[in-house]
Amino acid sequence: MNSLRTATLRFASLASSATGALGKRDFTRSLWHMTKKPATVGDHVTVLNVHKPSINCTCGCNVHTKGERELVEFLTEEIVAERKVQKGKAVPTTLDGFSVNCSGADVELVKQTDKEKIVISFNVNHTVDSEEEPEINPNADKPELGEMRSKPQFEVDIIKGTSTLSFTCSYLQGEAQEGEYNDVFSIDEMSLYEGEWNDKVYAVAGDVLDGYLYDLLMNLLEEKGVSNEFVEKLSDLATAHEHTSYIGLLEKLSKFTAGGK
């Protein structure tokens, strides 16, 4: 994603760890005002005149506030920049034999055979983070920033008749240490149930499973198509869909602020 969005999330993370008092919204607002030209004499913004309708509204409706006009101007530029980054990164309709279906923030991949049905599902909300932790120089025009990627927790359901073997999996953070498996993801939880899942279904955490059993389950997932390579591609898909959803949100916000439907 573009550098403004990346820097906003990164600055918010740094501020939270340093002071614990400033969040993402504070830094988003600060970053926007930092990029604006200094106000001219008589253009001082107060709580009163921010909400006062401007007589200089460019659309001639005489009802848009200064804050609304500034927001629409920013969104127009932001949407253009995000679309430039997005070019060539469409969400695929299939992935390694799985059909892909997106509904809002939800994504579902399905592969059907004569013996079983495999369903992978996840939600892209709050899943974006930087691949790296770069040092940011606030004085630089275009600081080098890590790529923003979506790495959601995902469910893998292997369905045979009325029985479902279900896995909850997560992406591993950082690189594997010497002597460790170079896995991209891990099993957080496993359950096996009949019919529909409910709160009474027993589930076991992945970190308390017998080590050999855990390895066998990882091998089973790989045989079903959920390998480290596939999960990397799943992150690519999630990243593309999250970015598309983000741009869609910006466009709806711009239309809403401008008074459209």
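# Exercises on helix H5 and the nonpolar cores

The buried residues of H5 pack against three strands: S7 (154-160), S8 (163-171) and S9 (185-194). The model is predicted.

**Exercise 1.** Identify the buried residues of H5 and decide how they are arranged around its axis.

*Solution.*
- Step 1: place the helix. H5 covers residues 211-223, 13 residues in total.
- Step 2: check its span. The distance from first C-alpha to last is 19 Å, close to the 18 Å expected at 1.5 Å a residue.
- Step 3: apply the cut-off for burial, under 20% relative accessible area. The buried residues of H5 are Tyr 214, Leu 217, Met 218 and Leu 221.
- Step 4: look down the axis. These buried residues fall within an arc of 100 degrees, so they line one face of H5.
- Step 5: recall the helix geometry. With 3.6 residues a turn, residues three or four places apart in an α-helix point the same way.
- Step 6: turn to the face directed away from the buried side. Exposed Tyr 212 and Glu 223 sit there.

**Exercise 2.** Describe what is found at the start of H5 and what follows the helix.

*Solution.*
- Step 1: go to the start. A side-chain oxygen of Asp 210 comes to within 3.0 Å of the backbone nitrogen of Tyr 212.
- Step 2: go past the end. Gly 225 follows H5 and has a positive phi, near 105 degrees.
- Step 3: set H6 (228-258) beside it. H6 has 31 residues and spans 45 Å from first C-alpha to last, close to the expected 45 Å.
- Step 4: inspect the residue just after H6. Gly 259 has a positive phi there, about 100 degrees.

**Exercise 3.** Which elements supply the largest nonpolar core, and which residues have the most contacts inside it?

*Solution.*
- Step 1: size the core. It holds 33 residues, and Leu 109, Phe 154 and Phe 167 have the most contacts inside it.
- Step 2: list the contributors. At least two core residues come from each of S2 (98-103), S3 (106-112), S4 (117-123), S7, S8, S9, H5 and H6.
- Step 3: find the largest share. H6 provides it, with five residues.
- Step 4: separate the other core. Apart from the largest one lies a core of six residues, including Phe 74, Leu 75, Tyr 246 and Leu 250.
- Step 5: examine Phe 154. Beyond its neighbours within four places in sequence, its contacts include Ile 120, Phe 122, Phe 167, Cys 169, Phe 185, Val 231 and Leu 234.

**Exercise 4.** Are Cys 102 and Cys 169 buried, partly exposed or exposed, and how many disulfides are counted?

*Solution.*
- Step 1: take Cys 102. Its relative accessibility is 32%, so it counts as partly exposed.
- Step 2: take Cys 169. Its relative accessible area is 0%, so it is buried.
- Step 3: count sulfur pairs within 2.5 Å. The result is zero disulfides.

**Exercise 5.** Locate Asp 96 and His 126, then give the phi and accessibility of Asp 96 and of His 126.

*Solution.*
- Step 1: Asp 96 lies in the loop between S1 (94-95) and S2. Its phi is positive, about 50 degrees, although it is not a glycine.
- Step 2: Asp 96 has 44% relative accessibility, so it counts as partly exposed.
- Step 3: His 126 lies in the loop between S4 and S5 (128-130). Its phi is positive too, near 55 degrees.
- Step 4: His 126 reaches 84% relative accessibility, so it counts as exposed.

Conventions. Residues are numbered from 1 along each chain as its sequence is written. This is a predicted model: local features need pLDDT of at least 70, side-chain atom pairs count only at pLDDT 80 or more; totals for chains, interfaces and linings use all residues. Side-chain values use heavy atoms; hydrogens and water are left out. Helices (H or I, at least four residues) and strands (E, at least two) are DSSP runs, numbered from the N terminus. The expected span of a helix is 1.5 Å times one less than its number of residues. Buried means under 20% relative accessible area, exposed over 50%, partly exposed in between (1.4 Å probe, protein chains only). The arc is that of the directions from the helix axis to the C-beta atoms. Contact means heavy atoms within 4.5 Å. A polar contact is a pair of N or O atoms within 3.5 Å; within protein, one must be able to donate a hydrogen and the other to accept it, and residues adjacent in sequence count only if both atoms are side-chain atoms. A nonpolar core is a set of buried Ala, Val, Leu, Ile, Met, Phe, Trp, Tyr and Cys residues joined through side-chain atoms within 4.5 Å.
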